[in-house]
Each structure stands twice: as structure tokens, then as C-alpha cells.
Amino acid sequence: MQGLNNKQLEACCHIDGPLLILAGAGSGKTRVITHRIAYLMNEMDVNPYNILAITFTNKAANEMRERVDNLIGFGSESVWVSTFHSMCVRILRKHIDKIGMSKDFTIYDDTEQKVVVREIIKDEKLDPKLYSEKNILSIISKAKEDYVSPDDYERDNATSYRSQAIARVYREYQRRLQRNNALDFDDLIYKTIFLFETNPDVLREYQERFKYIMVDEYQDTNHTQFILVKQLAAKYRNLCVVGDDDQSIYKFRGANIYNILNFEKQYPDAKVVKLEQNYRSTSNILNAANSVIANNEGRKDKTLWTENEEGEKITFTKYGTGFEEASGIASKIRSLRSQGVSLNDISVLYRTNNQSRLLEEKLIMENIPYILYGGTDFYKRMEVKDIVCYLKVLANPCDDMAVKRIINVPKRGIGDTTINKISTFANENNLDFYDVLLDIEECPGVSRAVDKIKGFVDMVEEIRNMQNDPDCLPSNIFDAVIEKTGYVELLNLENTDEARARIENINELKNKVVTYEESAEYPNLVELLEEIALVADNDNIEDDDTDKVTLMTLHRAKGLEFPYVFICGMEDGLFPSKMSIDSDDPDALEEERRLCYVGITRAMEKLFISAAEQRMINGSTNYCQVSRFVKEIPKQYVEMQGDFTRLGDNGDSSRFAFKNKANNMLFGVGDNAAARYSSKPKTGGSFNPGFGKAFPMDFGDSKTYCVGDKVRHMKFGNGIVTEVKPAGSDAEITVDFERVGEKKMFASLVKMKKL
DNA sequence: ATAGCGACGCTTTTT
DNA sequence: GCGTCGCTAT
């Protein structure tokens, strides 16, 4: 427990009963959580089997497990470290039959949800203009997040004709998912709560198991997650939640800030520990962040402080246009680079994804390498989804959505009319879509396509039969899909850059499959698909060590830090967004302000913020005011650049000290000439080890290795120890891995198992 | 069955 | 300004 400050120590050592840790930005939150787990195990003799740590992202879960491993060596494998969603999947895979579903369910992402809703809108003959799938899905999702069933929803909205129609869609949506043996993300939590409600014995089993529960990023939990945690902790009440109400920025996704604000009401005996010392930022940056967030009403009282030095002032630059802003940022980055700053230490943050376009164009022109987070997720790319749907059909033929997606991909002459006929026939006879395909002669009106469908079914069945061979791996299936469908072959014929990028993505998918196989105990399609469904692209951030500037939205930056941070587009209407300014809910603006706070506190050494007077938004030029958030930063922390005599600035500008004019910006010329380019598909990244692959418990002599020992490493696979060199109380060992060659590592830190 | 064209709509997105 | 989606003409 060394190197912790008093507050951190206090948080680690409070073991019994509810505990709320309010952890400000950069206050060493993860350290506290990992040390607390270590304390439970090492000092309090808690069996790691009885500890549950919940996070929101796989990345956070992996990091946490790694850090606990490093802290205590072996034994941490039996701590449940997982995301809400993968925890629920794991519970449901074991018990979902008790609530009338089958254990091999598949998970639908939002693309698949949309297709289901679209079909229902059509079948129910609703006007798609009045009932957009997007709108309906968000209503359904919101209902589920609040644990409102279709019946509840119908009853609660009895007076609205529209709501009654939506209730019908909701009910039908659930019915179809059930028939497809599928759950969406909201269902994963919803059904787990329902399982616990209806099966007290199952709940008791998990309550007994999870005697100590920790929840990270508690400010981001929604209502169902709140209920779930409450259920699990009800018996032992050893619940520790960690979060920062000032960093609650996901209300639009259902996060309920009152879960953290009212924790003490929910648990009156809760101990509260505030972590207010910041170890990340200079005091100028931190003070600026404090001043901004102080304008919010609905927050827990706390003020971050730091022992770090004052540092440079924040630079605020006002540019004439978005083009100039992008040029200005690019040239600032160039000058940083010439001073020896690594591009990896620089990040450019913005409110909306489309702001990246201008930045990208300028960075390309200036020859500054960058990596952009955002855009289409790897697993949502067309070609990746196509292949994944083949795998889904092979794993779960009831998955109508998947079957319909691939039945004519690549094109094999089975058109919409045929698909609709089969669909109707299936619905009328209460059959799965694929059942009808198997017996296609029975289906009226598909005379012409019968042979084509037979060809398709034969192909699928041929691949499916491969699974009878116990040695058949998911990658063999994968190869068979590629070969029998001719998918890559057809792309090859296209001979375009786009087709080549798609092939690259498919190869990348194959890499993921192989990586999965190497880490899995019993590789199988269902588990592979589950990992794919639960893994976010976000997990790959920071994996690449080549020198690149990072571009992303402020939302995505949460949890990250960079020595140099640019926040651009600081204009009222953009940030804070117009929606939040116009909203009659005052919390909308407060949430934007929290987002601003998150952005500022990402910076360690130096923060640049900027605004443009004119910006093109949705094809038309807007004249902008400097963001109110900029004006909330006291001038002593800021150095001003730019022309403040032009339009868009009045009133509060007197707070600023005027400095040099930005007159070195190129205007206009060539700005639109920069060619559009398609960003290289993201690659690399470690596959989430998730559940089921934890090493067996092994408390023994795992820290001592001898030359010749056969070992297995979590990431690197099998290898042989070739050298052991004492280094202080530790030992540096060299291992020759079959797959990746020789690696040196410290014995006490390495995540390895002796074979 | 599919290419092509016009209408629309448009913050943020841990799973 | 740009991408997605659905309808229409071939």
C-alpha cells in the first residue's frame, strides 16, 4: 500500500459496508481500485473468488486485471473483473433457460436492431415518417434502460395514440428477438434483473459469490445497472462505487447522474471519500477546469488541487474560419514537433466527428501523421458484418436477421420479392426463416428462385457439417465461408482501392479469429461471436506505437490523458451544442459543461483551445460567438491569440488580455483541394480475453521460474524460459515464445503460467 | 434484380 | 456538404 495518499489509503481500507469514492479527474482512481482489491486479498484474507469489479469498457476491465496481477501476482484470475454486459452474458448463458430462452442466444447490435424495427414498422403498416426507426428504437431502449416492459409502457402511456402504437412495436420487437433467439444490449442487463427477480435462488447464489463488489465509472450507470448492482449487493452490502459526477457525459445513452448523486440516500450508512488531489495536470490547467465546472449547480461539492507546478498558460486562439483553425493547429503541431515533442503526446479533441474532416485535410497537407478514432467501427463495416453473419447463421440458424443479410451476399439472384414471400410464409406458419429455406418447395410463390436457394442452403449446410469434426476450428469455418462464397475472390475482381481495403479488413477479421483461438480453452463459434459482439473498437486506443497525433471526440477522450491537448471549435452552438442551448432542461447545458471539464482535464502540460468566427455547418456558413465555456476561464490562466475586434465577440471579452493578432494564417487557397481520402482501416489491438479463458487458480510458486520451464503467457502464448537473471528482489527472465520469439520480462509482473 | 438518382437529415455512442 | 436510404426506371 505504498505511495498512496491519505485519502486514497482511506478508500482502500474501508472494506465493510457501502462506500462512495468520489474520484476527481487524474486523482489516481485506478490505483485506488486495484490497491483496494489487493488489500482485500492480501490483508483481509478475502477469497478473490468473492470479489467482483465492474467496469464499462473491456479496455478498462483488461487494464484493471493486468494491474491487479502486477500488484499481487497470481490469484487475481478468480476475481471477476468484467463489464456490465459481459458479466450479464456470463450469467445468462448459465441460467437464461429459467426465463424461457435458450442458452445459445446471439447478441444483436444496433444495426440488427434497426432491421427488426424497420420490418415491424412495415408489417404494422405504420407511416415511417411519423414512426422513424431511429426514434422508436431510442424509445424502446429508454424503456428497457428504465426497466419498463411493453405492458408497463402501454399502461403508462394509455392516453397517447402514438405511444400505444409504439407499445405495439415494442412488444412485437421483443417477440421477434425472442423468436430469433437474440438479445440486444439492453436485454443483457434487463433479462439478468428479471432472472434474479423471478429466481431468488439464482440471485442468492451470486450474492453469496460476490461478497465484495466494486463498480467503476458509477456516474455512467443507468437505471437497470443500478438495480442490478443493488440486487447483487443486497445481502452483504459491501458495495464500493467509484466515480465523478463532474464527468457524467452519457445522459443521452441513459446514464443517470442521480445514481451517484443520491448514493448516500440509497445507502445512508455509506462512507464517502473524496479524492481531490490531481496528479495529472499543471495548476493552470486544473484551475481553469475548476473554474468552468464551478458554474454547474447539480454537483457534489469538491475542488481539485495539485502540487504540480503552474506550467504554461492555456493558449486560446481565435481564428477567422474553420479552415484557418485547422491550419493553425497543424502549424502549432509542427512547431511542437520541431521542439522535439512526440506526436504521440499530442491530441486534438472536438465536439462532433465531422470536425475531423478539416483537420485531416490540413494534417495530410502538412505531412503530419495522425490516427483518427471514430468513424465506422471495424465490426460494423459491411464486409466484416457480412462474414460475421455467415458465422452467426452457422452458429444459430434461428437468427433470421443474419440469414436474410447473407442470403443474397454475394449476389446470387435471390431478390427482395423472394425474401419477403419466405418471410411472410415463415411468420404465418411460425417457422424460422431458415426452416423454410430447408424445405423451400413447401413455400408458395418462389418457383424461380428455388434452385438458387437450394444452392445457398447446400453451401451453408456443407460448411455446417464441417463442425462434426471435433478438430474443426472456427478459423477453418471462416476459411470455408470465404472460399465457398467467393467473397474475397469477387472483391479481387473489382480491383479498386476500396475493394482492397475491404479485403484487408477481412484479413484482419481472420487475425481476430486466430487470436481468439489461441487464447480460448475450447474454441467455438458461439464464444467467438460473443466476443465480437461485446468488443468495442475503443479497446485499441494506444496500441500503436508509431508517432501519430490522436484525433477524437471529447467523449472518446474520457479516461485518457495527453501532455499536449488541443480543443477546437469552442463556439456557442457547436460546443456547447445548439441542442443543449435551446433545451428547456438546464441539465443539458450542464452536461456540455461537464464535457468541457473532461476535455480540459485530459491535458497534462499544455492546453490549446480555439474557436472560429465563421464555420461551415451542414453546408451553410455560421457566424459564431466564442463558447461561453471559454469565457468561464479566468484570464490569469489564459494567453490570448487572434483578432478580437471582428464580429462575434462582445460583452465578456473585456475579461481578456488582448495579445498579438493571428495574421500568419493562409486564407482559403487550396483548402477545398485536399483530396478526400479513405482512412486506412484500423488494425491491431488485443482481443478481449474476456471470460472463460482465465488461468486456473495457482497460488503456488508461480513467481519463481527456472531455465527450461515451459510457460504460457496470456498474450504471447507458449514458450520456454531461456534465462533467469536476479534483479533485486525480482528476477528478469527471458522467454522464447513459439509465436513471437524472445521476450524479456520481470518475473513478478509477468502474467504467465507454468505448464 | 439492380443501378442510379433524388430526398432527407444531421451531437455525443463505454456495450 | 456529405452520406444514407428508398423508390423508380431499366
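The tour of this predicted model opens with the cysteines: the count of disulfides comes to 0.

**First stop: Cys240 and Cys568**

Select Cys240 and show its side chain. The closest cysteine sulfur belongs to Cys12 and lies 8.9 Å from that of Cys240, which is too far for a bond, because a disulfide requires the two sulfur atoms to be within 2.5 Å. With a relative accessibility of 0%, Cys240 is classed as buried.

Proceed to Cys568, which likewise takes part in no disulfide. Its nearest cysteine sulfur is that of Cys624, at a distance of 12 Å. Cys568 has a relative accessibility of 2% and therefore counts as buried.

**Second stop: the whole of chain A**

Now select chain A and colour it by secondary structure. The chain holds 29 helices and 21 strands. It has 755 residues, of which 56% count as buried. Among the contacts in chain A with a separation of 6 or more, 74% join residues 24 or more positions apart. Switch to a surface display: the accessible surface of chain A is about 33300 Å², and carbon and sulfur atoms contribute 49% of that area.

**Third stop: helix H11**

Next, select residues 223-233, which form helix H11. This helix is mostly covered, with 9 of its 11 residues buried. To see them, highlight Thr224, Gln225, Phe226, Ile227, Leu228 and Val229, followed by Gln231, Leu232 and Ala233.

**Fourth stop: Tyr49**

Select Tyr49, located in the loop that runs between helix H2 (29-42) and strand S2 (51-55). Is this residue buried or exposed? Tyr49 is in between: its relative accessibility is 40%, so Tyr49 counts as partly exposed.

Which residues does Tyr49 contact, leaving aside its neighbours within four places in sequence? They are Ser78 and Arg209. Add Ser78 to the selection and draw a line between the two C-alpha atoms. Tyr49 and Ser78 stand 29 residues apart in sequence, while their C-alpha atoms are 5.1 Å apart in space.

**Last stop: DNA strand C**

Finally, display DNA strand C together with the residues around it: Arg118, Met616, Asn618 and Gly619. By class, the surface near this strand comprises 1 nonpolar, 2 polar and 1 charged residues. On the DNA side, consider the atoms of strand C that lie within 4 Å of the protein: 38% of them belong to sugar or phosphate, and the rest belong to bases.

Conventions. Residues are numbered from 1 along each chain as its sequence is written. Chains are lettered from A and ligands numbered from 1 in the order in which they are written. This is a predicted model: local features need pLDDT of at least 70, side-chain atom pairs count only at pLDDT 80 or more; totals for chains, interfaces and linings use all residues. Side-chain values use heavy atoms; hydrogens and water are left out. Buried means under 20% relative accessible area, exposed over 50%, partly exposed in between (1.4 Å probe, protein chains only). Helices (H or I, at least four residues) and strands (E, at least two) are DSSP runs, numbered from the N terminus. Contact means heavy atoms within 4.5 Å. Accessible areas come from the Shrake-Rupley method with a 1.4 Å probe; for residues, only the protein chains shown count as cover. A residue is near a molecule or strand if one of its heavy atoms lies within 4 Å of it. Ala, Val, Leu, Ile, Met, Phe, Trp, Tyr, Cys and Pro count as nonpolar, Asp, Glu, Lys and Arg as charged, and the others, Gly among them, as polar.
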